[in-house]
Amino acid sequence: MLDRVIVKGRSTALELLEVAHPCSPDGFPELAARYAEAFALYQRGAFAEAATRFSILAATDQPSALLAARCRVFAASAPAEWTGIYRLETK
């Protein structure tokens, strides 16, 4: 799972997934496992630690770069009622 989001105009969360396939980069299973660990921290609201872990992966993984940046913002100012689901404000 890459992320859980609610898109603008909707109320139900969507799970965004990345599927392993023959064109996946070498080491994909390890990357996916490390991403899952960082994502679990993010969902629990441990934003500073999640940002650190995502930042390590960000050099070779674009979703990690996105989540690292989001976690840094949330670490500075956490959402009031965090449910582990990110609400997208634009389409």
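Start by selecting Glu37, Glu49 and Arg53: these residues are joined in a network of salt bridges. As you look around, keep in mind that this is a predicted model.

**Stop 1: the salt bridges**

Side chains of opposite charge can pair when their charged atoms come close. How many salt bridges does the count come to? The answer is 5 salt bridges.

Zoom in on arginine 53 and glutamate 37. Their side chains meet in a salt bridge, with 3.7 Å from N to O. This pair links distant parts of the chain: arginine 53 belongs to helix 2 (residues 47-58) and glutamate 37 to helix 1, 16 residues apart. Arginine 53 has a relative accessible area of 34%, so it is partly exposed. Glutamate 37 is partly exposed as well, at 44%.

Next, select arginine 34 and glutamate 30. Here is another salt bridge between side chains, at 3.9 Å from N to O. Both residues sit in helix 1 (residues 28-44), 4 residues apart, which is about one turn of the helix. Is glutamate 30 buried or exposed? Its relative accessibility is 52%, so glutamate 30 counts as exposed. Arginine 34, with a relative accessible area of 35%, is partly exposed.

Now select aspartate 3 and arginine 70. They form a salt bridge whose closest N and O atoms are 2.8 Å apart. Follow the chain and you will see that this pair links distant parts: aspartate 3 is in strand 1 (residues 3-6) and arginine 70 is in helix 3 (residues 62-76), 67 residues apart. Are these two residues buried or exposed? Both aspartate 3 and arginine 70 are buried.

**Stop 2: helix 2**

Highlight the whole of helix 2. This helix has 12 residues and reaches 15 Å from its first C-alpha to its last, close to the 16 Å expected at 1.5 Å a residue.

Which residues of helix 2 are buried? Color Phe47, Ala50, Ala51, Phe54 and Leu57 to see them. They cover an arc of only 125° around the axis, so they are on the same side of helix 2. Then turn to the face pointing away from that buried side, where you will find the exposed residues Ala48 and Ile56. What covers the buried residues? The cover includes helix 1 and helix 3.

**Stop 3: alanine 38 in helix 1**

Select alanine 38, which lies in helix 1. Its relative accessible area is 0%, so alanine 38 is buried. Leaving out residues up to four places away in sequence, alanine 38 touches Ala50, Arg53 and Phe54. You can also try the distance tool on alanine 38 and serine 55: they are 17 residues apart along the chain, and their C-alpha atoms are separated by 9.7 Å.

**Stop 4: helix 3**

Move on to helix 3. The expected span for its 15 residues, at 1.5 Å a residue, is 21 Å, and its end C-alpha atoms are 22 Å apart, which agrees. Color the buried residues Ser64, Leu67, Ala68, Arg70, Cys71 and Phe74. What covers them includes strand 1, helix 1, helix 2 and strand 3 (86-87).

Take a closer look at serine 64, which is part of helix 3. With a relative accessibility of 0%, serine 64 counts as buried. Which residues is serine 64 in contact with, leaving aside neighbours within four places in sequence? Show Tyr35, Phe54, Leu57 and Ala58 to see these contacts.

**Stop 5: strand 2 and the surface**

Select leucine 14, found in strand 2. Leucine 14 has a relative accessible area of 41%, so it is partly exposed. Not counting residues up to four places away in sequence, leucine 14 touches Asp3, Arg4, Val5 and Val7. Now add serine 24 to your selection: leucine 14 and serine 24 are 10 residues apart in sequence and 23 Å apart in space, C-alpha to C-alpha.

For the last view, select leucine 17, in the loop between strand 2 (14-16) and helix 1. Leucine 17 has 56% relative accessibility, so it counts as exposed. Add Met1 and Val19, and you have a nonpolar patch on the surface: Met1, Leu17 and Val19 together have about 300 Å² of accessible area.

Notes: Residues are numbered from 1 along each chain as its sequence is written. This is a predicted model: local features need pLDDT of at least 70, side-chain atom pairs count only at pLDDT 80 or more; totals for chains, interfaces and linings use all residues. Side-chain values use heavy atoms; hydrogens and water are left out. A salt bridge is a side-chain nitrogen of Lys or Arg within 4 Å of a carboxyl oxygen of Asp or Glu. Helices (H or I, at least four residues) and strands (E, at least two) are DSSP runs, numbered from the N terminus. Buried means under 20% relative accessible area, exposed over 50%, partly exposed in between (1.4 Å probe, protein chains only). The expected span of a helix is 1.5 Å times one less than its number of residues. The arc is that of the directions from the helix axis to the C-beta atoms. Contact means heavy atoms within 4.5 Å. Patches are made of residues with over 30% relative accessible area and no salt bridge: like charges are joined within 9 Å, nonpolar side chains (Val, Leu, Ile, Met, Phe, Trp, Tyr) within 5 Å. Accessible areas come from the Shrake-Rupley method with a 1.4 Å probe; for residues, only the protein chains shown count as cover.
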